[in-house]
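This report describes helix packing, the nonpolar core and selected side-chain environments in one protein model. The sequence and structure are shown first.

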Amino acid sequence: MATLPKFPRRGAFLDDKSGTPRPVTPPFVTVAACLLGVAALMQIIATISALVYSVSAERRAALEAQIATMTGTAPSLNSLQNMGVLTVVMAGLVTVGAYVLFGVYLRKGRSWARLGAGVLVALTVIQLVGVSYPEGFTTLAQVILGALAVALCYLPEPSKFFVAVKASRS
């Protein structure tokens, strides 16, 4: 007779170790997490704005002009427009999810979250290329808020907090 597999007990994947005190989250880290939340809100506004543009008559005319210059088998106008809508929605969901995820784990003291937030801010800077204003102000706000959040996480007090959390987990 085969032995039964052993499953982890209830609560085996929880963060806390009994008897190990978790350091108190410094105010700068809390502010940084809130700034990332506001940046996520800016991304939602930018996504809605891009979604409205992607189904507009102006965008439809631009796509028709692109199709007219294509040689060979050209995709249909509807398929190009649908692909644009899908791209905007998916990129918006992923970006908002990343901002929220990094904000939550910053508060928990995870060093990888501040590094990931820095990468996310760098990727958001790339979105500034070719942005028209006033629609681009939400992207500019994301960059400023994200950069400020990451900078706050690398100040001396928050840096000690991240080191202390890492030490308390080992």
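Leaving aside neighbours within four places in sequence, Thr47 is in contact (heavy atoms within 4.5 Å) with Val88 and Gly92. Thr47 belongs to helix α1, where helices are DSSP runs of H or I with at least four residues, numbered from the N terminus. With a relative accessible area of 12%, Thr47 is buried; buried means under 20% relative accessible area, exposed over 50%, and partly exposed in between, for a 1.4 Å probe and protein chains only.

The model is predicted: local features need pLDDT of at least 70, side-chain atom pairs count only at pLDDT 80 or more, and totals for chains, interfaces and linings use all residues. Residues are numbered from 1 along each chain as its sequence is written, and side-chain values use heavy atoms, with hydrogens and water left out.

**The nonpolar core**

A nonpolar core is a set of buried Ala, Val, Leu, Ile, Met, Phe, Trp, Tyr and Cys residues joined through side-chain atoms within 4.5 Å. The largest one has 24 residues, and Ala32, Leu36, Tyr99, Phe102, Leu106 and Phe162 have the most contacts inside it. Two or more residues each come from α1, α3, α4, α5 and α6. The greatest contribution is that of α1, with seven residues. Not counting residues up to four places away in sequence, Ala32 touches Leu106, Ala149, Leu152 and Cys153.

**Helices α4 and α6**

The expected span of a helix is 1.5 Å times one less than its number of residues. Both helices can be set against this rule.

| Helix | Residues in helix | Expected span | Distance between end C-alpha atoms |
|---|---|---|---|
| α4 | 17 residues | 24 Å | 25 Å |
| α6 | 14 residues | 20 Å | 20 Å |

The expected and modelled values agree for α4, as they do for α6. In α4, the buried residues are Ala113, Arg114, Gly116, Ala117, Leu120, Val121 and Thr124. Seen down the axis of α4, these residues fall within an arc of 160°, so they line one face of the helix; the arc is that of the directions from the helix axis to the C-beta atoms. Leu115, Leu123 and Ile126 are exposed on the other side of α4. The packing partners of the buried α4 residues are α1 (27-54), α3 (77-107), α5 (137-153) and α6 (156-169).

In α6, Pro158, Ser159, Phe161, Phe162, Val165 and Ser168 are buried. The elements covering them include α1, α3, α4 and α5.

**Aromatic pairs and cysteines**

Rings of Phe, Tyr and Trp (its six-membered ring) pair if their centres lie within 6.5 Å; planes under 30 degrees apart count as stacked, over 60 as edge-to-face and the rest as tilted. The whole structure holds three aromatic pairs. The ring centres of Phe102 and Trp112 are 6.3 Å apart and their planes lie at 70°, so this pair is edge-to-face. The pair joins distant parts of the chain, with Phe102 in helix α3 and Trp112 in helix α4, ten residues apart. Phe102 is buried at a relative accessible area of 13%, whereas Trp112 is partly exposed at 43%. Together with Tyr105, Phe102 and Trp112 form one aromatic cluster.

A disulfide is a pair of cysteine sulfur atoms within 2.5 Å, and by this rule the count is zero. Cys153 is buried, with a relative accessible area of 1%, while Cys34 is partly exposed, at 41%.
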